[in-house]
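These are my notebook entries from one sitting with a single model. I set down what I looked up and what I found.

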Amino acid sequence: MTLEGREAAGPPRATLLPTANGSGPSQELEGHWPEIPERSPCVAGVIPVIYYSILLGLGLPVNLLTTVALTRLATRTRKPSYYYLLALTASDIVTQVVIVFVGFLLQGAVLARQVPQAVVRSANILEFAANHASVWIAVLLTVDRYSALCHPLHHRATSSPGRTRRAIATVLGAALLTGIPFYWWLDVWRDAEPPSMLDEVLKWAHCLTVYFIPCGVFLVTNSAIVCRLRRKSQSGLRPHVGKSTAILLGVTTLFALLWAPRIFVMLYHLYVAPVHRDWRVHLALDVANMAAMLNTAVNFGLYCFVSKTFRATIREVVHDAHLPCTLGSRPEGTVVDPALKPPGLPKGAER
């Protein structure tokens with residue numbers, strides 16, 4: 001996903017660059033787009049820059065802390081769900097670095113889009129690959145939880161850390177490959193002409209790959225999980241909703257809610273009114289992009305809310321990081337008592 005709000009607000013230039021598909025500036029607008037002569041203004045102003053700076057400043061350290069905690073949990077328990085959550089967090093970190101920092105803040109706010117076109121398009125590959133990886137690792141987590149709850153015997157027989165790592169590596173490789181066609185992605189801010197066939201295919205591929213297909217999988221598998229738990233409740237058994245299942249439902253629900261505005265605005269741009277010439281669609285896409293990027297930073301709060309084990313591991317990580325600083329600040333020659341003392345003999349028993 002490219003954050004298209006990077007260059008939006010300036011006055012129109014004297015000449016327009018040709019589009020990626022060979023359409024020139026002399027071609028008249030036609031089809032379903034209305035003719036509006038001026039470029040849409042950036043109503044949001046500097047708010048996106050402030051928002052993404054705060055998101056990066058808070059979200060990146062939080063995701064790094066989450067990575068350390070999940071690494072410890074995965075090493076101790078060897079549960080597939082922790083490996084999937086670890087890969088999901090790593091994908092969120094890549095998304096924050098590539099899209100928020102490099103794409104929006106560095107290219108857009110600092111360099112003012114004065115970047116060679118080949119560099120921008122190469123960055124598109126990494127941006128879309130990071131999005132695809134994050135979404136489809138969540139799909140793997142969903143399928144794993146469905147298998148564990150609805151087919152427990154098969155899950156126990158086939159589940160292993162090695163198999164989980166291979167599945168994650170396959171998804172990461174596929175995400176990188178599926179990001180390559182988006183080298184030719186045309187930012188909606190440059191769509192001065194009605195979209196060509198290539199533009200329309202890429203935008204539909206984006207919507208299908210990162211939202212419609214994954215949300216279809218989430219809907220089917222989560223519905224099966226909920227129905228299974230309801231049947232247990234109706235049969236008199238107390239349904240046990242594990243922490244992994246609760247986290248899964250939370251992660252997939254947040255993703256569907258936070259990404260829905262971007263997908264809606266993208267399709268509205270294609271078939272109703274262009275972002276390039278309608279300030280209302282322009283503003284809507286700015287807000288939709290901010291909501292979609294929030295998805296990379298909210299999982300930490302969800303994990304802390306649901307899992308007592310995760311909270312304890314976070315406290316342990318923070319304590320271990322704080323202890324060397326505390327020891328380093330003591331004067332030389334100071335003896336630190338051990339945290340656990342060996343049990344001693346009672347008084348009068350030393351004989």
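The entries below run from the record, through the cores and aromatic rings, to the cysteines and one serine.

**Entry 1. Model and record.** I noted at the outset that this is a predicted model. I then consulted UniProt, where an unreviewed entry carries the annotation "transmembrane region" for residues 49-70, 82-105, 167-186, 201-225, 246-271 and 283-306. I checked two of these spans against the coordinates. Residues 49-70 are 100% helix and 0% strand, and their end C-alpha atoms lie 31 Å apart. Residues 82-105 are likewise 100% helix and 0% strand, with 32 Å between the end C-alpha atoms.

**Entry 2. Nonpolar cores.** I asked which residues have the most contacts inside the largest nonpolar core. That core has 30 residues, and the ones with the most contacts are L70, L85, L88, I247, V251, Y303 and F310. I listed the helices that each supply at least two residues to this core: α1 (47-77), α2 (80-110), α3 (117-150), α5 (161-179), α6 (197-234), α7 (243-271), α9 (299-306) and α10 (308-328). Helix α2 gives the most, with seven residues. Apart from this core I found another, of 19 residues, among them V139, W185, I263 and L270.

I followed Y303 further. Leaving aside neighbours within four places in sequence, Y303 is in contact with T66, L70, L85, L88, T89, I247, V251 and F310.

**Entry 3. Aromatic rings.** I searched the whole structure for aromatic pairs and recorded 13. One of them joins F255 and W259, with 5.9 Å from centre to centre and 35 degrees between the planes, a tilted arrangement. Where do F255 and W259 sit relative to each other in helix α7? They are four residues apart in that helix, which means that about one helical turn separates them. Both are buried: F255 has a relative accessible area of 6%, and W259 has 3%.

I also examined Y303 and F310. Their ring centres are 5.5 Å apart and their planes stand at 75 degrees, so I entered the pair as edge-to-face. Y303 and F310 are both buried.

Ring pairs further link W204, Y211, F212, F218, F255 and W259 into a cluster. I added one charge-over-ring case: K203 lies over the face of W185, at 4.7 Å from the ring centre. W185 is also one of the residues of the 19-residue core.

**Entry 4. Cysteines.** How many disulfides does the structure hold? I found zero. I then asked why C150 is not bonded to C227. The closest cysteine sulfur to that of C150 is the one in C227, and at 9.0 Å it is too far for a bond. The cut-off I applied is 2.5 Å between the sulfur atoms. Seen from C227, the closest cysteine sulfur is that of C150, again at 9.0 Å and too far for a bond. As to accessibility, C150 counts as buried at 15% relative accessibility, whereas C227 is partly exposed at 38% relative accessible area.

**Entry 5. Serine 147.** I looked up S147, which lies in helix α3. Is S147 buried or exposed? It is buried, with a relative accessible area of 15%. With neighbours within four places in sequence left aside, the contacts of S147 are P152, H154 and H155.

How values were computed
Residues are numbered from 1 along each chain as its sequence is written. This is a predicted model: local features need pLDDT of at least 70, side-chain atom pairs count only at pLDDT 80 or more; totals for chains, interfaces and linings use all residues. Side-chain values use heavy atoms; hydrogens and water are left out. Buried means under 20% relative accessible area, exposed over 50%, partly exposed in between (1.4 Å probe, protein chains only). UniProt positions are given in the numbering used here, feature names are shortened, and annotations may be inferred rather than shown by experiment. A nonpolar core is a set of buried Ala, Val, Leu, Ile, Met, Phe, Trp, Tyr and Cys residues joined through side-chain atoms within 4.5 Å. Contact means heavy atoms within 4.5 Å. Rings of Phe, Tyr and Trp (its six-membered ring) pair if their centres lie within 6.5 Å; planes under 30 degrees apart count as stacked, over 60 as edge-to-face and the rest as tilted. A charge sits over a ring if NZ of Lys or CZ of Arg is within 6 Å of the ring centre and within 35 degrees of the ring normal.
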